[in-house]
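I opened this one to see how two chains meet and how their sheets are put together. My notes follow, in the order I looked things up.

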Amino acid sequence: MNTKQLYTVIIFSENTVGLLNQITIIFTRRQLNIETLSVSPSAIRGVHKFTITTFAERDMIDKVVKQIDKRVDILKAYYNTDEDLVHQEIALYKVSSELFMKMKGVEELIRKYNARVLEMNEDCLVLEKSGHYAETQALFEELSHSIGVLQFIRSGRIAITKSKVEPLSDMLSAIEKKINTK
Amino acid sequence: MDKTQITGSEALLRTLIAEGVDTIFGYPGGQVIPLYDCLYDYSDRLKHVLVRHEQGATHAAQGYARVSGKTGVVLVTSGPGATNTITGIADAMMDSTPIVVISGQVPSPLLGSDAFQEIDVIGITQPITKWAYQIRKPEEIAWAVSRAFYIASTGRPGPVVIDFAKDAQTGTTDYLYEKVNHIRSYQPFPEMNQGSISAAASLINGAKKPFALVGQGVILSGAEKELLAFLEKADIPAASTALGLSAMPTGYRLNKGMLGMHGNVGPNRKTNDCDVLIAIGMRFDDRVTGNLQAYARQAKIIHFDIDLSEIGKNVTVDVPVLGDAKETLAAVTHLLKPASHTDWIDSFRTDEQEEYEKVIEKEIHPQGDRLQMGEVVRKVSDAANSDAVLVTDVGQNQMMGIRYFRYSRTRSVVTSGGLGTMGFGLPAAIGAKQGAPDRTVCLFTGDGGLQMTLQELGTIMQEKLNVKIIVLNNHYLGMVRQWQELFFDKRYSATTMENPDFVAIARAYGIRSRLATTRRELDEAIAEMFDSDDAYMLVADVETHGMVYPMVPAGAPITHIIMERERK
């Protein structure tokens, strides 16, 4: 109960100004550090989806998610552990073109990490890799070690539950039904 | 369904009227001058109470809301006008009080430019409101304002802020009022779950020593009758949180008093003796529970609440009953078997007797010459036939007020619970009188708290409000002094107060006033106070080292009760 673990908080909201602030306030009050954050329009028009990861105790994440869910413009908030999710991060690596060309085992490296080249010019080259944190980190370390990495960026996590449907679509249709029967 | 072009200011006022508003507490300033200009034409339909400081407007709106059940409305200007409302907004958030605060804002093209009297009101108030919204276009007014009232008043009520840009006040719009009564992302009244209703009923039916904790949720839900039916059917003794007071009348057979730090001895002890603890519309505040590790460990806990985020927040609950108390209490009552717990209920008597001897008798029938706070409160309550609205400030005056005042009907207590805002009392009493003009309003305040919002005496003068103000003057910041005496070796750091002549101050505002130092003066002053229909300030010069007992020290188990001064 008292051990911290990584939780992925998934929030569906109306697309209104200032919502991110309302959400982060609740993390701040409980002294929870946001590890990664990703925000984008969801599959449902007009609905935004937040994916936030944080290390917390089970009891704490439960309370925090309830408090987020309570905000007026939040449609639904829930949390999962990694077992319930398919999740991914995307990373970009800028390296020197010259060094990359000279590097031994480039083909093996690209195959091993399933990375791809996005852009290449005389000076530098941008590689892209998506995967779990450990995987994008491993490529970073390998590149740093061999030829050095000029620039590196990693996105926040995006995740999808392993269950069949997004719970939100059920919820929204239930709400619609309720209004229509009124 | 007329659709006409009107200014944003007029659209706002029309929407307020459509939402049933008749009173506004406010203070004009640069960015709301167009709105106030429009208000001039609506003064026959919207009464504006001019306060003396914007904080006063928010507390007045709270007082108004608490006694009337309606949403309180505040109107202030931008910048400092808005920042001055923060304390009241935070207080309303903590105590679930429905208020709508409308603040002026600089014209929208200037937003973000540090314009004169511009402040990020939405950013500041988001953590302390249910909803905060900035209106930048007149077309948004009808929707946003109606939505504000819907959010403030439904589910677990709370404050809403509307930040109203000046160009939206002056611009024109097609206006059509449409009541908001649904927001798809907001479910104020969670649906009742039959499973938890029957689980709660069966726990109560099997209980030998059930005990109910009554919170403000009962009052907010209008579930007072349902509560009494519930308690009666299963013969359950009950006690209130500070904000739940007056949901049950004082003398009621099953009403065992108040919970918490300065609550009654019986309810606190019995919390750790009952077998089923039934919490209704309360949130297990630390002032109620004391040390959570030692709180009701022996009991099965049932928690009725409308707010899912309160379930399991502080106390692990065996049966949560989510929903509106009016509905859920009735549903559980339906499944209860009539029961009788005479021995259990009688067992409160020992504690009541002990508290009476060690605390109450000394407080209301003191032997010494100095006036005690408790005796002043009880005498005023008796003189008001136990039927007045009690408003308090915060501190010893508050605890004495709520302990010794008596209540015969609901919505009779207006006090700052969660935030504990000194300075709340005087403006809240102004609002309470506006919200319940036919009732007697008695404010108990201290010499400290009174001076935090003293300027509102001007509002009482201007509005000719019949508010009875009783100042319990002990020349100290009494509650802090009490802690210093008990826990800080009597080192009275920054708690002595050199006070002005309060009687002279009251008189300067045209308010009748009298100083009472002796019992005779007190009796005469009380008689004089209730003799007229005007405001009155009774300044009671009370025992300087008076203490509020019983007391459960902060963080101690709720059964660790200090009853009297240690004899040395």
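Before anything else, a term I need for the first entry: helices are DSSP runs of H or I with at least four residues, numbered from the N terminus. I also note that I am working with a predicted model.

**Entry 1: a salt bridge inside a helix**

I started in chain B with helix 16, residues 348-364, which holds both B:Lys358 and B:Glu354. These two residues are 4 residues apart, about one turn of the helix. I then checked their side chains and found a salt bridge, with the closest N and O atoms 2.9 Å apart. How many salt bridges does the structure hold over all chains? My count came to 45.

**Entry 2: where the chains meet**

Next I turned to the contact between chain A and chain B. Chain A brings 20 residues to it, and chain B brings 23 residues. I got a buried area of about 1900 Å² between the two chains, with 46% of it on carbon and sulfur atoms. Which residues of chain A lose the most area to chain B? They are A:Lys66, A:Arg71 and A:Val72, and together they make up 31% of what that side buries.

I went on to the polar side of the interface. The rule finds 3 salt bridges across it. I looked up A:Glu14 and B:Arg184, whose side chains meet in a salt bridge at 2.7 Å, N to O. For polar contacts between chain A and chain B, I counted 12 residue pairs, with both residues at pLDDT 80 or more.

I wanted to know which elements of chain A supply this surface. Helix 1 (19-29), helix 2 (58-70), strand 4 (74-80) and helix 6 (167-181) each give at least two residues to the side that touches chain B. By residue class, that side of chain A divides into 8 nonpolar, 4 polar and 8 charged residues.

**Entry 3: the sheet in chain A**

Here I traced an open sheet of 4 strands in chain A, in the order 2-3-1-4, with antiparallel pairing. Strand 2 (34-41) and strand 4 of chain A are its edge strands, each pairing on one side only. From one strand to the next, I found an average twist of 15 degrees.

I looked at one pair in more detail: strand 2 and strand 3 (residues 47-56) of chain A run antiparallel to each other over 7 bridges. Within strand 3 of chain A, the residue opposite A:Ser40 is A:Lys49.

Two helices of chain A pack on this sheet. Helix 1 touches strand 1 (5-14), strand 2, strand 3 and strand 4, and its direction makes about 20 degrees with that of strand 3. Helix 2 touches strand 1, strand 3 and strand 4, and its direction makes about 170 degrees with that of strand 4.

**Entry 4: the sheet in chain B**

In chain B I found an open sheet of 6 strands with parallel pairing, ordered 11-10-9-12-13-14. Why is one side of strand 11 (255-258) and of strand 14 (319-322) left without a neighbour in the sheet? Both stand at the edges of the sheet and have a single partner strand each, so one side of each has no neighbour there. The twist I got averages 20 degrees from one strand to the next.

I closed with strand 13 (residues 300-305) and strand 14 of chain B, which pair in the parallel sense over 4 bridges. B:Asp305 has B:Leu322, in strand 14 of chain B, as its bridge partner. Last, I noted helix 11 (residues 224-234) of chain B packing on the sheet, where it touches strand 9 (210-214), strand 10 (238-240) and strand 12 (276-280). The direction of helix 11 makes about 170 degrees with that of strand 12 of chain B.

How values were computed
Residues numbered from 1 in each chain as written. Chains lettered and ligands numbered in written order. Predicted model: local features only at pLDDT ≥ 70, side-chain atom pairs only at ≥ 80, totals over all residues. Heavy atoms only, no water. Contact = heavy atoms within 4.5 Å. Buried area = accessible area lost by both parts, 1.4 Å probe. Salt bridge = Lys/Arg side-chain N within 4 Å of Asp/Glu carboxyl O. Polar contact = N/O pair within 3.5 Å; in protein donor to acceptor, adjacent residues only side chain to side chain. Nonpolar A, V, L, I, M, F, W, Y, C, P; charged D, E, K, R; others polar. Pairing = 2+ DSSP bridges. Axes fitted to C-alpha atoms, helices over the stretch in contact; angles between N-to-C directions.
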